[in-house]
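Here are my notes for you to read alongside the model. Take them one point at a time and keep the viewer open as you go.

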Amino acid sequence: MELLFESTAAFERDLAALRDKDRESLIEAINRHCPLLACDQESFFAHVYQPRAITLQHDCCSSLYVLPAAPGYAIILTIDDDPIFEQTIITLLGIVPDGEIETAYTRTARALYRRWMREGGAAHG
């Protein structure tokens, strides 16, 4: 399966705002961990996590994750399989300081899934 990387304008702004050393560490983390999706998904998913449970309608699963990256920073991203085109799409959504991960994750989940979140089972916070 081919990996396709996409990034949002917000991610690009966050990346540009980092110090060079942090930017390099973050890019190294992406380059080190994300290729594992193509050959060793178990190892990749050992490096990412979902800080809050997100319950979606129709038994759908959230593809929103956090990848700890540079010291003090994490990347919020989505991972979506596209079996028709035989690719996995990794969308880099934003970079957040460690102390803001849960808040940013919840805010992002609400923005992405607002129509599909189940009552009472959504990301709360």
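1. Which residue takes a positive phi in the hairpin of β3 and β4? Have a look at Glu 86, whose phi is near 50 degrees. The hairpin has four residues between its strands. Bear in mind throughout that this is a predicted model.

2. Now step back to the whole sheet. It is open, has four strands in the order β1-β4-β3-β2, and its pairing is mixed. At the edges you'll find β1 (2-7) and β2 (64-68), each of which pairs on one side only. From one strand to the next, the twist averages 30 degrees.

3. A quick reminder before you trace the pairs: strands of a sheet pair through backbone hydrogen bonds, and they can do so parallel or antiparallel. Here, β1 and β4 run parallel and are joined by six bridges. To find your way in, start from Leu 4, whose bridge partner in β4 is Ile 89.

4. Next, follow β3 and β4, which pair in the antiparallel sense over ten bridges. Two partners help you line them up: Tyr 73 is bridged to Pro 97 in β4, and Asp 81 is bridged to Thr 88 in β4.

5. On the other side of the picture, β2 pairs with β3 (residues 73-82), again in the antiparallel sense, over five bridges. Leu 64 stands opposite Thr 78 in β3, while Val 66 has Ile 76 as its bridge partner there. These two strands also make a hairpin with four residues between them, and in its turn Gly 72 has a positive phi of about 90 degrees.

6. Are β3 and β4 largely enclosed or not? In β4, ten of the eleven residues are buried, so the strand is largely enclosed by the rest of the structure. The same description fits β3, because seven of its ten residues are buried.

7. What packs on the sheet? Helix α1 (residues 9-17) does, touching β1, β3 and β4 (87-97), and its direction makes about 50 degrees with that of β4. Helix α2 (residues 20-33) lies across β1, β2, β3 and β4, running at about 30 degrees to β3.

8. Please don't skip Cys 34, which sits in the loop between α2 and α3 (36-39). Is Cys 34 buried or exposed? Its relative accessible area is 0%, and anything under 20% counts as buried, so Cys 34 is buried. Leaving aside residues up to four places away in sequence, Cys 34 touches Leu 3, Phe 5, Ala 29, Phe 44 and Ile 90. Ile 90 is 56 residues from Cys 34 along the chain, yet their C-alpha atoms are separated by 8.2 Å.

9. Phe 44, one of the residues that Cys 34 touches, leads to the aromatic rings. A search of the whole structure finds two aromatic pairs. In the pair of Phe 44 and Phe 45, the ring centres are 5.1 Å apart and the planes are at 85 degrees, so the pair is edge-to-face. Phe 44, Phe 45 and Tyr 65 form one aromatic cluster.

10. Finally, check how those two Phe residues are covered. Phe 44 has 0% relative accessibility, so it counts as buried. Phe 45 has 33%, so it counts as partly exposed.

Key: Residues are numbered from 1 along each chain as its sequence is written. This is a predicted model: local features need pLDDT of at least 70, side-chain atom pairs count only at pLDDT 80 or more; totals for chains, interfaces and linings use all residues. Side-chain values use heavy atoms; hydrogens and water are left out. Two strands pair if DSSP finds at least two bridges between them. Axes are lines fitted to C-alpha atoms, for helices over the stretch in contact, and angles run from 0 to 180 degrees between N-to-C directions. Contact means heavy atoms within 4.5 Å. Buried means under 20% relative accessible area, exposed over 50%, partly exposed in between (1.4 Å probe, protein chains only). Rings of Phe, Tyr and Trp (its six-membered ring) pair if their centres lie within 6.5 Å; planes under 30 degrees apart count as stacked, over 60 as edge-to-face and the rest as tilted.
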